Amino acid sequence: MQDRVCKRCGGALQSRDAQSLQKVWAWLLAGMIAYLPANIYPMLLTSTLTTRSESTIIGGVIELVEHGSLGIAAIVFIASVMIPVGKFLAIAYLAISVQRRSMASQHERHRAYEVVEFIGRWSMIDVFVVAILSALVQLDTIATINPGIAAVSFALSVIFTMLSAQAFDSRLIWDADRTQQ
Amino acid sequence: MSDIPPNDAAQLDIRPVKQRIWKRLSLVWLVPVAALAISLGAAWQNYNDRGTLITISFENASGIQAGETVIKYRDVTVGEVESVEFSEGLTVVLVHARVDKTVAPFLDDDAQFWVVRPDVSVRGITGLETVLSGVYIAGNWDTEADVAQDEFTGLEQPNLTTASQRGTVVILRTSDGGSITAGAPVLHKGIQVGYLESPELSLDGDQVVVNAFIESPYDRRITTSTRFWDTSGFSVSFGAGGVSLDVSSLASLIEGGIAFDTVVSGGAPIKDGHRFDIFPDNASARDSLFTDPNAEVLEVAALFEESVTGLTAGSEVRFQGIRIGEVSDINAIVVGDGDDAQVRLQAVLAIEPSRIGMGGDATADDALALLSEFVARGLRARMVTGNILAGTLYVELIELEDALPAIVTLTSGRYPVIPTTDSQISDVAATAEGLLARINALPVEDLMDGAIDMMDSIERLANDEATRGVPASIVALADETRALVQSEDLQAIPNDLRNVIADLNGLVTEAEETGLIGDFDLAIETATAAARNIEVATQNLPAITAEIEALTAKANSLEFEALVASATDTLAAIDGVIGTPEAVALPGSLNGALEEMRGFLAEVREGGAIENVNDALASANEAARAIEDAVSTLPALSARANRLVAQTEAVIESYSERSRFGAETLQTLRDIQEAADALAALSRQIQRNPNSLLTGR
């Protein structure tokens with residue numbers, strides 16, 4: 001079973017990726033580690049004629065709320081905080097559920113996996129905003145916006161979580177169900 | 001071959017191959033490990049690099065914001081404010097800041113921090129960049145690492161002297177800080193070489209103390225002989241050279257400024273913190289150079305009887321115009337006892353022995369001995385007006401030649417008393433009053449009265465009938481004189497004389513020809529007598545001439561032309577002349593004189609000298625005939641005849657002199673005519689314009 005080879009292409013065939021969960025956990029851990037500086041360090045370095053401000057993700061959200069832009073604050077908060085954190089939780093839940101072979105129905109876990117897959121790319125919306133602002137607002141002394149360390153960290157965090165989600169072998173869900181039965 | 005195992009087959013013991021855990025680990029684990037390592041590394045490095053925390057306390061932290069306000073050293077950012085809070089009891093604001101680890105060791109006890117804010121002053125605008133960027137904290141410390149500290153007290157005002165600037169700080173003292181502000185320039189020969197820091201009151205409150213920073217290398221110019229003076233504002237001084245307006249730089253005009261100079265050499269170099277006094281102006285600063293403040297001063301008292309208003313402590317004491325000291329005190333003392341008691345004003349004169357030609361080491365006793373000697377020779381003290389406008393006085397020591405003997409009194413009071421003399425105080429008010437009094441005393445009204453009287457007199461004189469009669473009388477006189485001159489008798493005189501001379505010539509010729517002498521003596525005597533007669537008769541003529549001349553002179557002496565020409569100059573004289581009764585009677589007298597003259601001339605014409613002359617000539621004729629008779633009988637006596645001729649010649653000569661008579665008489669008449677014309681013109685003028693007598697036109 002282990003050393004099957006595809007008769008057409010000669011590639012190694014595997015029924016299950018034995019290291020799948022390891023990869024999931026490793027990428028997930030890396031993504032979470034990268035997510036910490038993404039929140040601690042400033043995302044945007046805004047220099048205008050008179051002031052120089054550094055805003056972190058949460059700081060920016062609070063600022064937006066204070067200014068009354070609740071809608072934008074909500075978008076930023078959802079894209080930058082809720083989705084990544086939700087992804088961490090969802091992947092961790094899937095991984096744990098596969099390992100413990102338990103809990104919710106197979107159908108729900110599949111749906112959760114698809115949502116994680118689908119929503120993952122939207123986490124990059126923050127990085128896109130930063131990239132676009134940094135590219136557009138370069139007016140020298142009058143106003144300049146530069147990406148902070150957090151932007152890189154956040155991008156890495158998103159990439160790591162996406163890799164984590166991809167590393168998850170969805171067939172393991174079946175295996176778990178089967179063993180449960 | 002089928003993948004599906006048969007249902008009935010025994011359950012296989014399916015187990016994952018036991019692999020060693022090392023082999024089972026995925027390489028992907030390297031990623032989170034690396035991420036963790038990088039994160040931890042970055043965090044550690046960040047922590048390591050975040051710098052040293054220091055705390056600066058400020059009274060006023062306006063504009064300082066946590067996370068934004070930076071700390072700059074020489075305009076390079078070396079730190080950032082982390083937090084701002086109050087100290088316990090809200091006394092000061094504590095600013096916590098992190099400074100770079102590289103500069104932290106240099107933050108020892110000489111480090112200073114202040115807040116840089118925009119500052120607009122006369123010298124310019126500083127801190128302009130902080131208008132937009134917000135304030136920052138500037139720090140200054142030297143380049144030697146010492147014991148590092150982490151608590152500092154911020155300065156309220158920027159310290160003008162950066163520790164790295166090379167120069168000297170001197171402490172200046174003044175009694176009036178009104179003209180001194182922080183940052184005011186310190187000038188040397190008009191060039192700014194330093195500046196003042198914030199002036200402060202001294203602890204006892206008596207003086208204002210201000211630190212002045214003199215930049216290197218100009219600080220080498222400062223020695224113990226250097227004097228500082230105040231150049232702020234402007235000074236206006238009156239002097240013999242006119243008004244002098246002295247203005248320093250515009251900045252020092254507004255902000256105040258201090259200048260210094262070292263005029264004399266020989267001062268010792270100074271160290272930081274040397275104390276100097278600020279003199280009010282350049283002159284007093286220079287003056288003080290020649291005054292050794294440690295030299296002994298001789299104090300003597302002078303008692304004045306007059307008011308000493310204008311004399312103050314500090315007034316100069318001069319000897320022959322040179323300042324030798326100053327008045328150190330003025331007070332009133334009681335002199336005498338009982339009924340004789342008098343209050344006198346005592347001025348204490350502080351005289352510097354070095355100023356009266358004694359050596360620098362002369363003591364007060366030496367100076368007193370010298371002064372006593374001078375007093376014995378007549379030296380006295382007196383008050384003299386220094387400035388008329390301000391009414392200030394100074395004390396002058398003067399040597400009087402005729403001074404009564406006096407000595408320096410050593411017994412009474414604290415000070416030796418030197419004798420005084422009358423003061424020479426010229427008071428503007430008194431002088432002006434005197435001038436006004438003198439103007440008041442001028443007899444202006446009398447003068448006007450006199451002038452009016454004089455005009456009346458002249459008018460009266462001009463209107464007088466007698467005055468108007470003068471020209472007519474003079475014309476009559478002239479007519480008379482002309483008639484006299486034109487009379488045939490007078491004109492006959494020359495002819496007669498010619499006849500006589502012809503006869504005499506003939507006689508002499510005859511006598512020479514005949515050579516007869518005979519009774520010639522007698523004839524000669526007769527001829528001589530005749531000649532004398534002629535002489536006598538002729539001598540009467542000059543008398544007439546003299547009288548006419550005198551008359552003319554009298555008429556001339558009236559000087560009416562001059563009267564008119566110089567009427568203004570000789571108002572008083574004319575007044576006198578016209579005012580006298582004689583002048584009023586003048587026209588009458590003149591008429592009388594003319595009448596007399598006319599009578600005299602009529603007399604002359606009727607039977608005076610001309611007849612006599614004719615008679616004399618006739619007798620001479622007769623004598624000549626007698627001689628002619630005698631000649632025929634008498635031989636020539638050449639010598640006597642010669643004498644006769646000489647005599648006759650003298651006669652002729654004297655007559656020829658008298659022949660001027662006619663010309664002189666004519667001249668006289670012309671003069672009189674002119675005088676008459678002038679009088680007529682005068683009277684016309686006066687009638688037309690009486691004012692002309694006053695105005696002179």
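Two strands pair if DSSP finds at least two bridges between them. In this predicted model, strand S5 (residues 112-116) of chain B meets that criterion with strand S8 of the same chain, through 5 bridges in the antiparallel sense. Within this pairing, B:Val116 stands opposite B:Tyr136 of S8(B). Strand S2 (residues 70-73) of chain B also pairs with S8(B). Here the sense is parallel, and the bridges number 3. B:Tyr73 has B:Gly139 of S8(B) as its bridge partner. In general, the strands of a sheet are joined by backbone hydrogen bonds, in a parallel or an antiparallel arrangement.

Strand S8 of chain B spans residues 136-140, and 5 of its 5 residues are buried, so the strand is largely enclosed by the rest of the structure. Burial extends to both faces. One side carries B:Tyr136, B:Ala138 and B:Asn140. The other carries B:Ile137 and B:Gly139. Two of these buried residues take part in the bridges described above: B:Tyr136 faces B:Val116, and B:Gly139 is partnered by B:Tyr73.

Chain A contains an open sheet of 3 strands in the order S4-S3-S5, with antiparallel pairing. Strand S4 (52-55) and strand S5 (143-147) of chain A are the edge strands; each has a single partner strand, so one side of each lacks a neighbour in the sheet. The average turn between neighbouring strands is 15°, direction ignored. Strand S3 (residues 44-48) of chain A is joined to S5(A) by 5 bridges, and the two run antiparallel. In this pair, A:Leu44 lies opposite A:Pro147 of S5(A).

A:Glu54 belongs to strand S4 of chain A. This residue counts as partly exposed, because 17 C-beta neighbours lie inside 10 Å, whereas a buried residue needs 20 or more. Beyond four places in sequence, the contacts of A:Glu54 are A:Pro42, A:Leu45 and A:Gly148. A:Met43 is 11 residues from A:Glu54 in sequence. The C-alpha atoms of A:Met43 and A:Glu54 are 7.2 Å apart.

The largest nonpolar core comprises 43 residues. A:Val24, A:Trp27, A:Ala30, A:Ala34 and A:Ile91 have the most contacts inside this core. Both chains contribute to it. From chain A, helix H1 (20-40), helix H2 (57-67), helix H3 (70-100), helix H5 (125-136) and helix H6 (149-167) each supply at least two residues. Helix H2 (30-49) of chain B does likewise. H1(A) provides the largest share, 12 residues. A second, separate core holds 25 residues, including B:Val317, B:Leu393, B:Leu397 and B:Ile418.

A:Val24 illustrates the packing in the largest core. Apart from neighbours within four places in sequence, A:Val24 is in contact with A:Ile91, A:Ala95, A:Ser164, A:Ala167 and A:Phe168. One of these, A:Ile91, is itself listed among the core residues with the most contacts.

The two chains also touch directly. In this interface, 11 residues of chain B are in contact with 13 residues of chain A. On the chain B side, H2 and helix H3 (130-133) are the elements that give two or more residues. H2(B) gives the most, with 5 residues. The chain B side divides into 8 nonpolar residues, 3 polar residues and no charged ones. H2(B) thus appears twice in this account: in the interface and in the largest core.

Several loops of chain B show backbone features of note. As a general rule, most peptide bonds are trans, and most residues other than glycine have a negative phi. The peptide bond from B:Ser216 to B:Pro217 is cis, with omega near 5°. B:Pro217 sits in the loop between strand S14 (208-215) and strand S15 (227-230) of chain B.

Positive phi values occur at B:Leu90 and B:Lys189. For B:Leu90, which is not a glycine, phi is near 55°. B:Leu90 is placed in the loop between strand S3 (76-86) and strand S4 (93-99) of chain B. B:Leu90 is exposed, as 7 other C-beta atoms lie within 10 Å. B:Lys189, also not a glycine, has a positive phi of about 55°. The loop that holds B:Lys189 runs between strand S11 (185-188) and strand S12 (191-196) of chain B. B:Lys189 counts as exposed, with 10 C-beta neighbours inside 10 Å.

How values were computed: Residues are numbered from 1 along each chain as its sequence is written. Chains are lettered from A and ligands numbered from 1 in the order in which they are written. This is a predicted model: local features need pLDDT of at least 70, side-chain atom pairs count only at pLDDT 80 or more; totals for chains, interfaces and linings use all residues. A nonpolar core is a set of buried Ala, Val, Leu, Ile, Met, Phe, Trp, Tyr and Cys residues joined through C-beta atoms within 7 Å. A residue is buried if 20 or more other C-beta atoms lie within 10 Å of its own, exposed if 12 or fewer, and partly exposed in between; C-beta atoms are placed from the backbone. Helices (H or I, at least four residues) and strands (E, at least two) are DSSP runs, numbered from the N terminus. Two residues are in contact if their C-beta atoms, placed from the backbone, lie within 7 Å. Ala, Val, Leu, Ile, Met, Phe, Trp, Tyr, Cys and Pro count as nonpolar, Asp, Glu, Lys and Arg as charged, and the others, Gly among them, as polar. Axes are lines fitted to C-alpha atoms, for helices over the stretch in contact, and angles run from 0 to 180 degrees between N-to-C directions.
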